[in-house]
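Please work through the following exercises with the sequence and the model open beside you, trying each task before reading its solution.

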Amino acid sequence: IMKLYIYCEEENFSALAASFENEIESDTDLSAEIAIVDEAEIRRLNNQTRGVDAVTDVLSYPSLDGIFGVKIQKKSFPLEVDDDGRLFIGSIAICRKRAEEQAAEYGHGISREMNYLAAHGVCHLLGYDHIDDGDKAVMRAKEERVLAKIGAVRQ
């Protein structure tokens, strides 16, 4: 079974990473990194990479193209293998302040919101998107399925 490893210095996302195990078709283990940042940093990143001068909750930077809906094969991405031999799927930035505000707004805990934002980011790294309603429904279903596995469901 493929394993997903999420590297994050500020938070432990190992349960979330494990909840993706039967959700991804891959011939190798995968890795991603998450940085927990402040409002100034997420605004800077959003402006620099998307041309949007605003604070946001989560940003995703996929490193693999064309992987949505297909089996991810290590041989297809030889330059994205990390030091541990895992295929690096990308980076995610999460703004803790926005996560705290959203948790309060939605009436659930910070842990649920942080795990939701991380799951949302990982889905983007895997090629999911929410530009139209059909794609959004597919992505939401994946997010809710992995969150349910760790008990981080909507209240």
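The exercises below begin with the whole chain and then turn to one helix and to single residues.

This is a predicted model, in which local features need pLDDT of at least 70 and side-chain atom pairs count only at pLDDT 80 or more, while totals for chains, interfaces and linings use all residues. Residues are numbered from 1 along each chain as its sequence is written, and side-chain values use heavy atoms, with hydrogens and water left out.

**Exercise 1. The whole chain**

Task: Find how many helices and strands the protein chain has, and state in which pattern they follow one another.

Solution: Begin by counting the elements, where helices (H or I, at least four residues) and strands (E, at least two) are DSSP runs numbered from the N terminus. The count gives 5 helices and 4 strands in the protein chain. Next, read along the sequence, where the pattern is β-α-β-α-β-β-α-α-α. The radius of gyration, taken over C-alpha atoms, is 15 Å for the protein chain, close to the 15 Å given for 155 residues by the globule rule, so the chain is as compact as a globular protein of that length. That rule is 2.2 Å times the number of residues to the power 0.38. As a last step, consider the box that the C-alpha atoms fill, which is roughly 45 × 35 × 35 Å along the principal axes.

**Exercise 2. Inside and outside**

Task: Determine what share of the residues in the protein chain is buried, and what share of the exposed area carbon and sulfur atoms supply.

Solution: Start from the cut-offs: buried means under 20% relative accessible area, exposed over 50%, and partly exposed in between, with a 1.4 Å probe and protein chains only. By this standard, buried residues make up 45% of the 155 residues. Turning to the surface, the protein chain exposes about 8,200 Å², and 47% of this area is supplied by carbon and sulfur atoms. Contacts, defined as heavy atoms within 4.5 Å, complete the picture: among those with a separation of 6 or more, 68% join residues 24 or more positions apart.

**Exercise 3. The two sides of a helix**

Task: Identify which residues of helix H3 are buried, and work out how they are arranged around its axis.

Solution: Helix H3 covers residues 96-106, and its buried residues are Ala99, Gln102 and Ala103. Seen down the axis of H3, these residues fall within an arc of 105°, so they line one face of the helix; the arc is that of the directions from the helix axis to the C-beta atoms. A general rule helps here: an α-helix has 3.6 residues a turn, so residues three or four places apart point the same way. Now look at the other side of H3, where Ala104 and Glu105 are exposed. The cover over the buried residues of H3 includes strand S4 (87-95) and helix H4 (110-125). Finally, step past the end of the helix, where H3 is followed by Gly107 with a positive phi near 75°.

**Exercise 4. Single residues in their surroundings**

Task: For Ala17, Arg43 and Pro62, say which element holds each residue and which residues it touches beyond four places in sequence.

Solution: Take Ala17 to begin with, which lies in helix H1 (residues 14-19) and is buried, with a relative accessible area of 3%. Leaving aside neighbours within four places in sequence, Ala17 is in contact with Leu4 and Ile6.

Go on to Arg43, which lies in helix H2 (residues 39-50) and is partly exposed at 38% relative accessible area. Apart from residues up to four places away, Arg43 touches Val52, Asp53, Ala54 and Val55. The C-alpha atoms of Arg43 and Asp53 are 6.1 Å apart, although 10 residues separate the two in sequence.

End with Pro62, which belongs to strand S3 (residues 58-62) and counts as partly exposed at 46% relative accessibility. With residues up to four places away again not counted, Pro62 touches Ile89, Gly90, His124 and Leu125.

Definitions and conventions. Areas by Shrake-Rupley, 256 points an atom, 1.4 Å probe, with all protein chains shown as cover.
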